[in-house]
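Here's a quick tour of a structure, aimed at someone who would rather get back to the bench. Have a look at the sequence and the fold, then read on.

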Amino acid sequence: MRFRASLALVAALVGFGVMPARAETTPDQKREIERIVRDYILTNPEVIEKALMALEEKRREEERAAQAKAVTELRDQIVNSQHQAVVGNPRGPVTVVEFFDYNCGYCKRALGDMLALADSNPDLRIVVKEFPILSEGSVEAARISVAVKDIAPERYLDFHSELLTRPGPADRAKAMQVARDLGLDVAALEKGAQERSVQENLVEVQQLARALGISGTPTYVVGGELVFGAVGFDELQQKIAAERETCKTETTC
């Protein structure tokens with residue numbers, strides 16, 4: 001923090017004309033500069049806060065730009081991976097991607113938003129990516145969920161919704177009980193959860209998350225933008241509408 005403050009302060013003082021931009025100084029000049037800097041800080045302490053705020057905003061802008069670049073470069077894998085589950089309109093021209101964890105309370109709350117978005121937007125394709133990061137139980141539940149997607153894709157949304165909304169922490173036992181209650185072939189799911197493709201699915205999502213700078217759930221990708229957190233129906237609907245307009249003039253949607 002001290003180093004950051006020093007950098008910001010130097011930049012601010014140069015910008016205000018308090019310090020010369022040239023680095024070559026004599027010892028007497030150096031002492032005079034130090035005196036001026038000290039006096040300036042004592043007289044205007046708010047300059048440090050302003051400089052740090054500007055620096056932090058600059059870093060956030062750089063981070064957003066890097067994330068947007070990563071979304072563009074990895075777009076095909078983000079929206080068209082063979083491993084992912086797709087709900088809503090599978091042929092819809094507008095795609096929303098959600099990274100989620102079955103033990104994420106915010107993901108549970110966001111389920112209603114996603115279902116409402118699918119109902120309100122017949123052209124919406126929703127890609128669901130298993131991103132189990134909260135517990136070992138999350139990983140166990142995700143493995144069963146991926147197996148459901150592979151073995152009974154037509155029942156995936158039923159399973160997904162029930163596992164997210166049923167009370168209690170998600171783990172293998174709970175996921176299997178949900179599958180049993182829905183009349184799914186639990187023996188096939190037991191075997192399917194051990195398939196190599198299930199591990200490949202989870203590894204792929206983890207790699208994508210690292211590349212995109214995603215560390216929490218839910219996180220959405222709408223067009224070229226990352227949206228962090230359970231932002232709610234209205235905000236996602238606005239972003240979907242904006243992406244729909246973009247898709248009218250571009251061929252990458």
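How many cavities of 30 Å³ or more does the count come to? Just one. Bear in mind that this is a predicted model. Below are notes on that cavity, on the largest pocket, and on a pair of helices that cross.

**The cavity**

- The volume of the largest cavity is about 40 Å³.
- Its lining is made up of His83, Gln84, Ala85, Val128, Lys129, Glu130, Val146, Lys149, Tyr156 and Asn201.
- Two elements put at least two residues each into that lining: strand 3 (124-130) and helix 6 (136-151).
- Strand 3 is the top contributor to the lining of the largest cavity, giving three residues.
- Sorted by class, the cavity lining comes out as four nonpolar, three polar and three charged residues.

**The pocket**

- The largest pocket has a volume of about 160 Å³.
- Around the largest pocket you'll find Arg60, Glu63, Arg64, Gln67, Ala68, Gly224, Glu225, Leu226 and Phe228.
- Helix 3 (46-73) and strand 5 (225-228) are the elements that give two or more residues to this pocket lining.
- Helix 3 takes the largest share of the lining of the largest pocket, with five residues.
- As for chemistry, the pocket lining holds four charged, three nonpolar and two polar residues.

**Helix 7 against helix 8**

- Helix 7 covers residues 156-165 and helix 8 covers residues 172-181; their axes come within 10 Å and cross at roughly 130°.
- Because of that angle, helix 7 counts as oblique to helix 8.
- The crossing of the two, helix 7 and helix 8, is right-handed.
- On the helix 7 side, the residues that make the contact are Phe159, Glu162 and Leu163. They meet Lys174, Ala175, Val178 and Ala179 in helix 8.
- Split by class, this contact of helix 7 with helix 8 has five nonpolar and two charged residues, with no polar ones.

**To pick out in the viewer**

- For the cavity, start from strand 3, which gives the most to the lining.
- For the pocket, start from helix 3, the source of the largest share of the lining.
- For the helix pair, look at where Phe159, Glu162 and Leu163 of helix 7 meet helix 8.

How values were computed:
Residues numbered from 1 in each chain as written. Predicted model: local features only at pLDDT ≥ 70, side-chain atom pairs only at ≥ 80, totals over all residues. Heavy atoms only, no water. 1 Å grid on protein atoms, 1.4 Å probe; cavity = no way out; pocket = protein on both sides within 12 Å on 5 of 7 lines; lining within 4 Å. Points joined across faces, edges and corners; volume = space filled by probe spheres on them. Helix = DSSP H or I, 4+ residues; strand = E, 2+ residues; numbered from the N terminus. Nonpolar A, V, L, I, M, F, W, Y, C, P; charged D, E, K, R; others polar. Axes fitted to C-alpha atoms, helices over the stretch in contact; angles between N-to-C directions. Parallel < 35°, antiparallel > 145°, perpendicular 65-115°, else oblique. Left-handed = near helix turned anticlockwise from the far one by under 90°. Contact = heavy atoms within 4.5 Å.
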